[in-house]
Structures are given as C-alpha cells and as structure tokens.
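Got the viewer open? Let's take a walk through this one together, stop by stop.

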Amino acid sequence: YYLDTGNYDGLFLDNTILSVPEWMVDCPFPPFDYDSLLWRAAVFSFINTLKQTFDPNPVYINGIAVEGTDSLLYIVDGAMYENWVYLLTGPPTLTKWKYFENRALHLSSLSSSKTLLLSNAPKENPQARIFALSSYLLIMKENLLFYNADRYDYLALLPEMSLPMLLGNPV
C-alpha cells in the first residue's frame, strides 16, 4: 500500500541472515528439513527482489553481526549491527572488544552501504556509554554510524552524543 501511494521511505528487515543458527530457533533443532545452501540462495533471491521492488528507496537489514551475512551489504543500502561493543550482559573482554572493532572496520570496507553500530550500554551508566562511543570514535568512518539503546527500549539523545564527531581521522 505505502509503496503504491508514495508514502514509503525505506524498508527495514529484522533478523536477515544467511543461515539459521541453533540459538535463533526456539524449538528442537533443526525444526524442519533444513538445507543451508538452499536457505542462503533463497535469502539472496528475496533480498534482490525486495531491493528491485523498492528501488530507489533504501532497504536496510539487521543480522549483520552473524558472520557470513556480510555479502548482503553488496545488495542493500545498509545494515544494523546489534550488541556492538557492549552486550546485554555487560562489557566485552578485551579479545571480544577487538573483534567488534575489527568486524566493524571489515564491514565498512566491503561496500559503501551504511552500517549502524548499535551498542547496549545502560543509559544509567555514563562510563559504559562513553566506552561505547569512544570505541566508535576510534574507528569512525563515513559509512559507519553509531547509536546506543539500552535493551532497545528507548531512543534518546544523551549528553555525550552532542560531542562533535569531526575529531579527525580515527587512530
């Protein structure tokens, strides 16, 4: 309806991944006769069809945190990377933090698609929020965006987000 009436301004697809990991299925795994190659091909076909249908309006996906989904960045206009540098369970280990930083840089190098790095730092914990923002500032690039949403239940402009983002090149 919105596409036909001109009221459409973009499409966001949640849990768009190229495989069905066991952690994502809330029942005995596999729940059906699952073929990962057929699933992957079907997802690519579906995303291509959506992109062609909704063009020139943007198509964004969520699920880029799952490795192997990177190749969808060549098709879509952007992606959301949930649980980036600050998990629902708390701060990451140093090893995991380095992984998050490197993964974000890798995603930004694949295509010009935008990637939203979404952290889960608690809104009542300024130190955690500054940690997440600082992690972004270290790798800031034109096609990487940052936001923090504690458990995804609010979207707010927090004081540190007013800091100028034009601090120069990342370290």
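**Start at a charged pair**

Select Arg-103 to begin: with a relative accessibility of 5%, Arg-103 counts as buried. Keep in mind as you click around that this is a predicted model. Now add Asp-70 to your selection, and you'll find the two side chains meeting in a salt bridge, 2.7 Å from N to O. Arg-103 sits in helix H3 and Asp-70 in the loop between E2 and E3, so this pair ties together parts that are 33 residues apart in sequence. Asp-70 is buried as well, at a relative accessible area of 12%.

**A small charged network**

Next, pick Lys-51, Asp-55 and Asp-77, which are joined into one network by salt bridges that share partners. Lys-51 meets Asp-77 at 2.6 Å, N to O. Lys-51 belongs to helix H2 while Asp-77 is in the loop between E2 and E3, so here parts 26 residues apart in sequence are tied together. The other link runs from Lys-51 to Asp-55, at 3.8 Å from N to O. Buried or exposed: which is Lys-51? Lys-51 counts as buried, at 13% relative accessibility, whereas Asp-77 is partly exposed, at 27%. The count of salt bridges comes to three.

**A charge without a partner**

Stay in helix H3 and select Glu-101. Glu-101 is buried but has no salt bridge; Lys-98, the nearest side chain of opposite charge, is 11 Å away. What does Glu-101 touch, leaving aside neighbours within four places in sequence? Show Trp-84, Val-85, Ser-135, Leu-138 and Ile-139, and you have its contacts.

**Zoom out to the whole chain**

Switch to a cartoon view. You should be able to pick out four helices and five strands. Starting from the N terminus, they come in the order α-β-α-β-β-α-β-α-β. The chain has 171 residues, and 42% of them count as buried. Look at contacts between residues at least 6 apart in sequence, and 68% of those join residues at least 24 apart.

**Follow the strands**

Colour strand E1 (residues 11-13) and strand E2 (residues 59-62): these two pair in the parallel sense over three bridges. Click Phe-12 and you'll see Tyr-60 of E2 standing opposite. Then add strand E3 (residues 78-81), which runs parallel to E2 and is joined to E2 by three bridges. Asn-62 has Met-80 in E3 as its bridge partner.

**Into the core**

Time to look at the largest nonpolar core, a set of 35 residues. Select Ile-47, Ile-61, Trp-84, Leu-117 and Tyr-136, which have the most contacts inside this core. Elements that each supply at least two of its residues include E1, E2, E3, helix H4 (126-139) and strand E5 (144-148). As a general backdrop, nonpolar side chains in soluble globular proteins tend to be buried together.

Now centre on Leu-117. Not counting residues up to four places away in sequence, its contacts include Tyr-81, Trp-84, Ala-104, Tyr-136 and Phe-146. Trp-84 may look familiar, as Glu-101 is in contact with this residue too.

**Last stop, on the outside**

Finish with Thr-89, in the loop between E3 and H3. Thr-89 is exposed, at a relative accessible area of 76%. Draw a distance to Ala-121: the pair is 32 residues apart in sequence, and 9.6 Å apart in space from C-alpha to C-alpha. Turn on the surface to end the tour: the accessible surface comes to about 10,100 Å², and 59% of that belongs to carbon and sulfur atoms.

Definitions and conventions. Residues numbered from 1 in each chain as written. Predicted model: local features only at pLDDT ≥ 70, side-chain atom pairs only at ≥ 80, totals over all residues. Heavy atoms only, no water. Pairing = 2+ DSSP bridges. Core = buried A, V, L, I, M, F, W, Y, C linked by side-chain atoms within 4.5 Å. Buried < 20%, exposed > 50% of the residue type's maximum accessible area, 1.4 Å probe, protein only. Contact = heavy atoms within 4.5 Å. Lys, Arg positive; Asp, Glu negative; His and termini not counted. Salt bridge = Lys/Arg side-chain N within 4 Å of Asp/Glu carboxyl O. Areas by Shrake-Rupley, 256 points an atom, 1.4 Å probe, with all protein chains shown as cover.
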